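Hi,

Here is the structure I promised to pass on. My notes on it come right after.

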2 protein chains.
Amino acid sequence: MTSGDVGQAPDRIPFEDLAEAIVDRLREAGASEDVSRILALNCASCERDGTLSHGVFRVRGYLDSLTRGWADGRAVPEVESVGPSYIRVDGMGGFAQPALAAAGPLIAEALTETGVAVVALRDTHHFSALWPELEGFARDGYAAIAMIASGKLAVVPVGADRAVFSTNPFGFATPVDGADPLVFDFSTSSMSHGDLQLAAAEGDQVPPHTGVDAEGAETQDPRAILDGGGLRPFGGHKGALLSLMIETLAAGLTGGSFTYEVDAEAPEGAHTFRTGQLYIVIDPSRGGNEAYPSRIRAFADMLRDAGMSRLPADRRYANRAAAAALGIPVTDVIRELLGRE
Amino acid sequence: MTSGDVGQAPDRIPFEDLAEAIVDRLREAGASEDVSRILALNCASCERDGTLSHGVFRVRGYLDSLTRGWADGRAVPEVESVGPSYIRVDGMGGFAQPALAAAGPLIAEALTETGVAVVALRDTHHFSALWPELEGFARDGYAAIAMIASGKLAVVPVGADRAVFSTNPFGFATPVDGADPLVFDFSTSSMSHGDLQLAAAEGDQVPPHTGVDAEGAETQDPRAILDGGGLRPFGGHKGALLSLMIETLAAGLTGGSFTYEVDAEAPEGAHTFRTGQLYIVIDPSRGGNEAYPSRIRAFADMLRDAGMSRLPADRRYANRAAAAALGIPVTDVIRELLGRE
């Protein structure tokens, strides 16, 4: 990554132009127009908001999966209501975001009519951050939880002699009265796979207790962790328990593949994984709880007053405002995407 | 705590006798017969299964809350269906377990008819582990998540100048084909308040990074953490994010009190807190996913094969089997309860 010298603005690109460039690459790799637009919007949003590990950096992985025929860029998801608040989606080997979008009308109906939507996606590839979809639910007034069986065997809990979990992200969003939603997502590993790959690409060391090498010994070399070793869960055994839950719900409950199943079948060079995702979306105000958004605002104000100057998503919103005013900083990865090397 | 010498069996008490002794104490303190039986069953189950920090050790706290008139041992919960899969319960200042039991018929109906039950309890005191209720849902074939705004200001995230969260427990359970359910619960603090109190009572040190003293400096003295200091969240900022989510859902969504609200109003000497709890219960097999229990079994078998010899709840089930055969070990706390000091 390069940044401009002091006093010299770095090269910038408008959000729309970046998204359009990603659309073009995805379409060239065989994705449909709709799928390309949904993925590009997601990817450009991550880049704009400073989530670089899930931004343009990931386009190569999308392209690799598409060109290998591993992810189907033209899949037509099958959406089924299995209860008034319960929706199952078979992504048919496509990506998760288009599958979730295909379920959009049924999700909206479930939320309006019942206040609850459990959305179980299977046979879907998820290769991005969780926050973009979560933020959307929160902007519509809903509290939302998401979890992914992310599908690359990568995490070795203490006691295990090999990787048994993926980085299995977890996320949450809530509306806040008169403010942007509180939104977070995090991997249940000590570090996200994207950040680990970035550290390896840049030759950086990672913090102690991040992971183990192929022999199971602790290491701070990200390449050793990637090369047959594994990450530790975050937070010791509690993080491992969360990861176990996420596999159980995002793979088992959805009918998607567990990490230990899918990792073996992914073709050489695949970067995305055909697993499952679970979203639980709830109308927090339904049933006489109209004070919810203002009470969350008071709670957030209390946290800031106690010194927590940065609440979840604050940094993303700041990056987003800067990008709206100035454009998105053009990194080497973006330069490569644009063919400006 | 004492244990028997080698070769000499410790004093034991049958589960039913222990539960009956707790019932008597709760009734003497003013709780109704039904409430006393529900709480005693929960408390004796924790003791039986080796969850000592939430077992008989906690009876004193129940009694203190009852005799101070802070928790209402005769409360009649108000249960309302606010959607086919969404139930709100006003605990009317009583305990959470009787409030959940009062919602039992509506929860069963929601699960049978829709496959989903979101159960939001407010104005309820929860003073136990989460696993007893979660295990029950799993034995009935459901996957269940629970979270509590536990109501004692106790947790100081990095960056905060005071405690802003409680230990906010999180729990999960799932059925497993041909085996006991996988069930876990944990506090989102570095240590549960119960274990911290036990360490303080026994004069033990706690591990590094467990908490801070009243001046905000790290300490390993549990009394300093209890005396105006605070615990850290587990797992750094990710644990803090989970705690933020739990406050948001278990207090905000339920309409219960946030920890920062309720702590100030609890009377001197109160050990239980009038907050809220959220349960999300889902039928994982509904809609063509009948393979769920056997797939979870295969997943658990894979974890054991990888060397994870102890999966969630294994230790509790082992303790339970021993207690069924031999009775429950009589600790000093039990001796005091029984008036055998």
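Asp305(A) and Arg162(B) form a salt bridge across the two chains, with their closest N and O atoms 2.9 Å apart. Keep in mind for this and everything below that the model is predicted. The count between chain A and chain B comes to four salt bridges, against a background of 42 over all chains of the structure. Polar contacts across the interface of chain A and chain B add up to 28 residue pairs, both partners being at pLDDT 80 or more. On the chain A side, helix α9 (residues 236-253) is the main contributor, giving twelve residues to the face that touches chain B. Sorted by class, that side of chain A has 40 nonpolar, 21 polar and ten charged residues.

How many residues does each chain bring to the contact? It is 71 from chain A and 71 from chain B. The area buried between the two chains is about 5,700 Å², and carbon and sulfur atoms give 73% of that. Lys238(A), Arg295(A) and Phe299(A) together supply 12% of what chain A buries against chain B, more than any other three residues.

Now for salt bridges inside the chains. In chain A, Arg25(A) forms one with Glu28(A), the closest N and O atoms being 3.8 Å apart. Both sit in helix α1 of chain A and are three residues apart, so about one helical turn separates them. Is each partner buried or exposed? Arg25(A) counts as partly exposed because its relative accessibility is 22%, while Glu28(A), at 63%, counts as exposed.

Asp221(A) and Arg223(A) form another salt bridge, with 3.3 Å between the closest N and O atoms. Asp221(A) has a relative accessible area of 22%, which makes it partly exposed.

In chain B, Asp301(B) is bridged to Arg297(B), with the closest N and O atoms 3.2 Å apart. These two lie in helix α11 (residues 292-305) of chain B, four residues apart, or about one turn of the helix. Asp301(B) is partly exposed at 38% relative accessible area, and Arg297(B) is partly exposed too, at 31%.

There is also a salt-bridge network in chain A, linking Arg48(A), Asp49(A), Glu135(A), Arg139(A), Asp180(A) and Arg320(A).

Next, a helix that is mostly covered: α3 (residues 59-67) of chain A has seven of its nine residues buried. The buried ones are Val59(A), Gly61(A), Tyr62(A), Leu63(A), Asp64(A), Ser65(A) and Leu66(A). What do they pack against? Their neighbours in chain A are helices α1 (15-28), α2 (33-48), α4 (96-102) and α13 (332-337), along with strand β3 (86-95). After α3(A) comes Gly69(A), which has a positive phi near 75°.

Finally, a sheet in chain B. It is open, has three strands in the order β9-β8-β10, and pairs them antiparallel. Why do β9 (218-219) and β10 (230-231) of chain B each have one side without a neighbour in the sheet? They stand at the edges with a single partner strand each, so one side of each is left free of a neighbour there. Strand β8 (residues 211-212) of chain B pairs with β9(B) in the antiparallel sense over two bridges, and Gly211(B) stands opposite Thr219(B) of β9(B).

Cheers

Key. Residues numbered from 1 in each chain as written. Chains lettered and ligands numbered in written order. Predicted model: local features only at pLDDT ≥ 70, side-chain atom pairs only at ≥ 80, totals over all residues. Heavy atoms only, no water. Contact = heavy atoms within 4.5 Å. Buried area = accessible area lost by both parts, 1.4 Å probe. Salt bridge = Lys/Arg side-chain N within 4 Å of Asp/Glu carboxyl O. Polar contact = N/O pair within 3.5 Å; in protein donor to acceptor, adjacent residues only side chain to side chain. Nonpolar A, V, L, I, M, F, W, Y, C, P; charged D, E, K, R; others polar. Pairing = 2+ DSSP bridges. Buried < 20%, exposed > 50% of the residue type's maximum accessible area, 1.4 Å probe, protein only.
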